[in-house]
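Biologist: I am new to this structure. Could you show it to me, then take my questions one at a time?

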Amino acid sequence: MQGGGSAVIDMENMDDTSGSSFEDMGEMHQRMKEEEEEEGEAGAAEEEDGEFLGVKGLRGQLGRQVADQVWQVGKRQASKAFSLYANIDILRPYFDVEPVQVRARLLESMIPVKMISFPQKIAGELYGPLMLVFTLVAILLHGMKTSDTIIREGTLMGTAIGTCFGYWLGVSSFIYFLAYLCNAQITMVQMLSLLGYGLFGHCITLFVTYNIHFHSLFYIFWLVVGGLSTLRMVAVLVSRTVGHTQRLILCGTLAALHMLFLLYLHFAYHKVVEGILDTLEGPNMPPFQRVARDIPVVSNAILNTTAKAVALTL
Amino acid sequence: MKRQIKVTSLFQMRDLKAVGKKFVHVMYPKKSSALLRDWDLWGPLVLCVSLALMLQGGSADSKEDGGPQFAEVFVIIWFGAVVITLNSKLLGGTISFFQSLCVLGYCVLPLTVAMLVCRLVLLAGSGTISFIVRLIVVMAMFGWSTLASTAFLADSQPPNRKALVVYPIFLFYFVISWMILTFTPQ
């Protein structure tokens, strides 16, 4: 191409017998327009430089170079962003499971191991835990709706998702940090996997007790099912930690958090809470009419008066 | 041979016909590649917006927050679809990202129909009978959605892992069905 040549139409390359010469003209005009625009932008960008250059042809060439550079940088940024997407492949080995394995691990999560003298194997897999967290979200939503929980600030979905994911990720990180302090041999992925599978017991308990509202049934399930899954997690962690104090700290914390979370999930989204919320609304609200059929009236009254006292002191 | 760059309108009659054809394919899910090969996101967008609009105006007795907000429904549907797509890709699926989004979005159609039916039934009354009718309709449409999307998506997986891909789809449509079933108008 001739120098500064964007305005020159090279007639020798125009083949009149091509049959689409009209289109070629159109395309060439389009290209000219685009190049003009590019040069215009590049020209505006380097107006300070153009002052001492002063030669039109040189400015055209510089303009083209700048446009070229802009294109290169843009392409590099785009490919960087694309390779970020391709980083999904680093998660691929954690999803390499068969349905049989998932089922086996789900059942194993309820069986505490007996041998704690040598480190127990933990499968570093994320599919099962992720699905269990989503299942817990679904069960929680169902429970919240059947108990007519009214969330004042925020939404039901947001609360459910935030609670479940927050517990899974937050408690995993915290226990991993404690494990690091206590010199336990466990990686982050393994911790996520262990805690995730431990939520299987929570799912079962909540699924049953959100539909059958007997408090004594819930306590039995809490102790038995929650206890079994906690015992399994604790046993695995004990097998990977040395030293009595460290074992006590790590396992005590995990057991407390796990059991308390189940307790919280049951009571926070149960019919009792509605009474407290209505009471805190103010004296103008009508008194809480509905009484949950499995709470004795005495404890309900105690809860209401306590809530009122708390509200008055605030 | 270089072609001239033609500026076309964003949405044409041809696109409308393509969208309509995909709707038909969802309602009668057989092994057709129309949904997969030429994916588009118009249909899912229309369905998502209409479902979110129909879920407005539901409430309990509170002023601020009753049923799901518009943005909530929107985010749930698209976030859920993205998670399922990522999951199926990580499990070794051969389907592309947007193809999967397209299929999942289009298979919300039966549930949108269920929402329409629920709103009509709720106009008649909101007693136990209406609840039972709504329950049956929503459950039927939920099953239809899940089967339709499974018919399209499960084929792209290795055969022994189909259950792993179907379960999140089941959960996703279950949550949407839950939102539809528990909708009570003001």
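Modeller: This is a predicted model: local features need pLDDT of at least 70, side-chain atom pairs count only at pLDDT 80 or more, and totals for chains, interfaces and linings use all residues. Residues count from 1 along each chain as written, chains are lettered from A and ligands numbered from 1 in written order, and side-chain values use heavy atoms, without hydrogens and water.

Biologist: Which helix of chain A holds His142(A)?

Modeller: Helices are DSSP runs of H or I, at least four residues, numbered from the N terminus. Residues 127-146 of chain A form one, and His142(A) is found there: helix H5.

Biologist: Is His142(A) buried or exposed?

Modeller: Buried means under 20% relative accessible area, exposed over 50%, partly exposed in between (1.4 Å probe, protein chains only). His142(A) has 24%, so the class is partly exposed.

Biologist: Which residues does His142(A) touch, leaving out those up to four places away in sequence?

Modeller: Contact means heavy atoms within 4.5 Å. Asn211(A) is 69 residues from His142(A) along the chain, with 9.3 Å between their C-alpha atoms. The residues touched are Asn211(A) and Trp178(B).

Biologist: How are H6(A) and H7(A) oriented to each other?

Modeller: Axes are lines fitted to C-alpha atoms over the stretch in contact, and angles run from 0 to 180 degrees between N-to-C directions. H6 (residues 156-181) and H7 (residues 188-211) of chain A pack at about 130 degrees, axes 9 Å apart. Angles under 35 degrees are roughly parallel, over 145 roughly antiparallel, 65 to 115 roughly perpendicular, the rest oblique. H6(A) and H7(A) are therefore oblique.

Methods. Helix = DSSP H or I, 4+ residues; strand = E, 2+ residues; numbered from the N terminus.
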